[in-house]
Amino acid sequence: MTPTSRQITGLKLALFALCLSPAALLLRDLQLDQLGANPIEALTRASGEWTLRFLLITLAVTPLRKYSGLHWILRFRRMLGLFAFAYGAMHLTTYVWLDQFFDWQAIVRDIYKRPFITVGFAALVIMTPLALTSNSFAIRKLGGRRWQALHRAIYPISLLGCLHFWWLVKKDITAPLIYTLITVALLGLRAWWREQERRKQLAGGYLPKQSFNGKIIRIVAK
Amino acid sequence: MLIRTPADILPSEITPQAHYEGRRRFMAQAGSIALASAIPGGPALAGSLGPLARNPFSTQEEPTSRKAITTYNNFYELGTDKSDPAENTHRLKPNPWTLRIEGLVNKPRSFGMDELMKIAPLEERIYRMRCVEGWSMVIPWVGIPLATLLKQVDPQGSAKYVEFISHYDKATMTRGVLDWPYNEGLRLDEARHPLTLLAVGLYGDTLPIQNGAPVRLVVPWKYGFKGAKSLVTIRLTEKQPLTAWMKAGPSEYGFYSNVNPEVDHPRWSQATERRIGEFGKRKTLMFNGYGEQVASMYSGMDLRRFF
């Protein structure tokens, strides 16, 4: 069963509200002073973890689609990816504003000197062009192939995100380890698909569809 | 272009809760003193340690709220999240308790908590506490100087260091993360320094479990992790003890661990700190502001090397 476009719109609205709820709950807790003794740290940590979670949810769409046959879930991927960027932006804002209070000298020094901040900042910088090209106009302008190549940057981004988390914890690496294992599984799956594809080609059982050459392949729904 | 951060906001403008707590504390103390004098020899208020001697080492700064001090803790044996220790207090039974002093001493012995609290008058010591993670508090401890305890056991001439070992129960406490039991160490002169405190209380009451009940070490010019909690053994040694954090990360945690804004943790800066309850950051002070009292112990030492 494939939902109608009206239903998709409804689902998108519901998903949008759902994705926004962690931020809403955080702001409510902040207002009610429920974030513990160090609310700035709690806010930084939560927004960072939600960034990582949304990156992993976005990466999970393709495998889920492939194995469940629910092809229409691809239509939610853009929103999920944009939420990853939004939470990342919130994370950076918390750091620049609440944590460092616009002490640009200290911020630049941090990015330059602290490897965990270097990789976290790099991940967010790489995410920016992806967020900016998350529209049909950019896909047309870039062409499907180049657009897709650009958006594969989510692979290194999520790995950098895991590294950022791993390097910041003092000793208990349980949480970053869990995120890393999920990331490695999601990326490993893609590597494995590629390998399957390569073997198929080598075995001669694969004939490239010539008719696609040079054309724009629509990979995002209208 | 350099944009300066605005000057620190007055604590009085942003920590009304601390004021509120402070007034309550004053009233509670006044009440307990009044009660103690009204009933001579009578019992102290429940859970209260009674009237306390004041000490000139105490800071005049506003103490951090009791709520923050008792809900934001690093006590890995009870969980590695800051909120864990307060939620897992059932994992540690502070009563009965024995603290053993052994090693290179002429009179090794064990102390029950009642005996320990009687070897010197209990003092209130309001100290700054700077965590290696970049936050700080002002904590009204209650305790006795460690020096008075060391005097009781008569250290031998060969004793150079003091090792502190925390309680560990494999059945109920965190496994892994660090090499248990938690241990820490001081040079003998550091251990004998009048600032070094054996804390048995907080805010005039007995020490809450999440803060290291029933007895813990407090060394205010060093990073917080030097203050080993829930002590069961104090051992005087000739060799420098290898501490739990030195074993966990030798390049990140040294034996001395003096608060030093100029020597960064390899992964983050130590130049500034956030005082819990405040919004902006403040500059971290050399030896956490206790340089006048302790700097002479380290004269001629390269503090980058002996971090």
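This passage describes chain B, its internal cavities and the aromatic contacts of a predicted model.

Chain B of the predicted model contains 9 helices and 12 strands. Of the 307 residues in this chain, 54% are buried. Among the contacts in chain B with a separation of 6 or more, 71% are accounted for by residues that stand 24 or more positions apart.

A search of the whole structure for enclosed space returned 3 cavities of 30 Å³ or more. The largest cavity has a volume of about 360 Å³, and 25 residues line it, those closest to its centre being B:N74, B:F75, B:G224, B:F225 and B:K229. Strand β4 of chain B, which spans residues 135-145, provides the largest share of this lining, with 4 residues. In chemical character, the lining of the largest cavity divides into 15 nonpolar, 6 polar and 4 charged residues.

The second largest cavity holds about 80 Å³ of space. Its lining consists of 14 residues, of which B:M129, B:V218, B:V219, B:P220 and B:G224 lie nearest its centre. B:G224 is thus named for both cavities, being listed among the residues closest to the centre of the largest cavity and among those nearest the centre of the second largest. Two strands of chain B, β3 (123-130) and β9 (216-218), each supply at least two residues of the lining of the second largest cavity, and the largest share, 4 residues, comes from β3(B). The residues that line the second largest cavity comprise 8 nonpolar, 2 polar and 4 charged.

The loop between β9 and β10 (231-237) of chain B includes B:G227. This glycine counts as buried because its relative accessibility is 7%, which falls under the 20% limit. When its neighbours within four places in sequence are left aside, B:G227 is in contact with B:R216 and B:L217. A further glycine, B:G185, is separated from B:G227 by 42 residues in sequence, and the C-alpha atoms of the two are 9.2 Å apart in space.

Over all chains, the search of the whole structure identified 24 aromatic pairs. In one of them, formed by A:Y67 and A:W193, the ring centres are 6.2 Å apart and the planes meet at 55°, so the pair is classed as tilted. Because A:Y67 belongs to helix α2 (residues 39-68) and A:W193 to helix α9 (residues 174-202), both of chain A, this pair ties together parts that are 126 residues apart in sequence. The two partners may also be described by their accessibility: A:Y67 counts as exposed, at 52% relative accessibility, whereas A:W193 is buried, with a relative accessible area of 16%.

In chain B, one aromatic cluster is formed by B:Y161, B:F255, B:Y256, B:F287, B:Y298 and B:F306. A member of this cluster, B:F255, also has a lysine over its face, since B:K226 lies at 4.6 Å from the ring centre, within the 6 Å limit for a charge placed over a ring. A second arrangement of this kind involves an arginine, in that the charged end of B:R109 sits over the ring of B:F111, at 3.8 Å from the centre of that ring.

Technical notes:
Residues are numbered from 1 along each chain as its sequence is written. Chains are lettered from A and ligands numbered from 1 in the order in which they are written. This is a predicted model: local features need pLDDT of at least 70, side-chain atom pairs count only at pLDDT 80 or more; totals for chains, interfaces and linings use all residues. Side-chain values use heavy atoms; hydrogens and water are left out. Rings of Phe, Tyr and Trp (its six-membered ring) pair if their centres lie within 6.5 Å; planes under 30 degrees apart count as stacked, over 60 as edge-to-face and the rest as tilted. Buried means under 20% relative accessible area, exposed over 50%, partly exposed in between (1.4 Å probe, protein chains only). A charge sits over a ring if NZ of Lys or CZ of Arg is within 6 Å of the ring centre and within 35 degrees of the ring normal. On a 1 Å grid over the protein atoms alone, a cavity is a set of points where a 1.4 Å probe fits but cannot get out, and a pocket is an open set with protein on both sides within 12 Å along at least five of seven lines; lining residues have an atom within 4 Å of a point. Grid points are joined across faces, edges and corners, and a volume is the space filled by probe spheres set on the points. Ala, Val, Leu, Ile, Met, Phe, Trp, Tyr, Cys and Pro count as nonpolar, Asp, Glu, Lys and Arg as charged, and the others, Gly among them, as polar. Contact means heavy atoms within 4.5 Å.
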